[in-house]
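Thanks, everyone; I would like to walk through one structure this morning, going from a helix pair to the way the chain is divided. Please have a look at it first.

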Amino acid sequence: MDLGIAGKRALVTGSTSGIGAATVRMLASEGVKVVIHGRNAERAEAIRFEIEGNGGDVAIALGDLSNDQSAEMVMRMALSAYGGIDILVNNLGHYEPFAHAWTDATPDQWAETYQSNVIAAVRTVRACVGGMKAEGWGRIINIASGAYTEPPPDFPTYGPSKAALVNMSVGLAKALANTGITVNTISPGNVLTETLKGYLPAIGEANGWEEKDLDGLERRFARQWRSLVNRTGRVDEIAALICFVASVHSSYITGTNYRIDGGSHATLN
């Protein structure tokens, strides 16, 4: 399927690893001019080298989006790279430290999580939406989480922040009615990123699991989280859905949340 977005300009926040990196690679393969964002210059350059080697058009905008001053600098770099942004993927995410008790999460940690998971997206939208309106076309895709409906007790600030992102997206979609801009959220379940791969042995040891190899640990982990496909997701699967929602074929989809979680979250939507 031709997604019809060759030549469009995309910014994917938090794209130096995991779902974000898979998304910039996939968008670039569709002919999209992509802006990589993150705070690790070495990883960003490695992804740029790879995309350029495959004939893609790529730029980098490094910096912190969790405060106004730094975010303004990041967005200035991102917007100037190709003269604007048509596709904005707010993938940046933050976990607070594991909390043995819900009350262990401090107010400062709540604020930090909301700055990264909600307010950072507000900043990028504010910077991009004027240009999208002028073009009469835009895609804003906010990456939430299945935790928005089933917040884990040991990461108390994370689930509520993702619920706020889903809620914000619906309000924004209504605010941008009849502009040619769509706004949607995508809510992945557990995804086998490099970070999760690193955590699985420790999770298995802490829970006394017999499995020691990665495949066995993943299946046990997936069963514990009620996956109906007996595994976790893959970054390319999430990226493929993001790319479809970013495409010309999704113009009738707005104000919607897509769960992509192997059926692991017990909700009708």
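Helix 1 (residues 18–29) and helix 2 (residues 41–53), where helices are DSSP runs of H or I with at least four residues, numbered from the N terminus, pack at an angle of about 20 degrees with their axes 10 Å apart; the axes are lines fitted to C-alpha atoms over the stretch in contact, and angles run from 0 to 180 degrees between N-to-C directions. Helix 1 and helix 2 are therefore roughly parallel to each other, a label used for angles under 35 degrees.

I should say that this is a predicted model, in which local features need pLDDT of at least 70 and side-chain atom pairs pLDDT 80 or more, while totals for chains, interfaces and linings use all residues. Residues are numbered from 1 along each chain as its sequence is written, and side-chain values use heavy atoms, without hydrogens and water.

On contact, meaning heavy atoms within 4.5 Å, Ala21, Val24, Arg25 and Ala28 of helix 1 meet Ile47, Glu50 and Ile51 of helix 2.

Turning to the domains, whose bounds come from an automatic or database assignment, the chain is divided into domain 1 (9–191 + 234–260) and domain 2 (192–232), with C-alpha centres 26 Å apart. Between them about 750 Å² is buried, 44% of it from carbon and sulfur atoms, counted as the accessible area (1.4 Å probe) that two parts lose on being put together, summed over both. On the domain 1 side, Asn190, Val191 and Arg234 lose the most area to domain 2, together 71% of what that side buries.

Definitions and conventions:
Helix = DSSP H or I, 4+ residues; strand = E, 2+ residues; numbered from the N terminus. Parallel < 35°, antiparallel > 145°, perpendicular 65-115°, else oblique.
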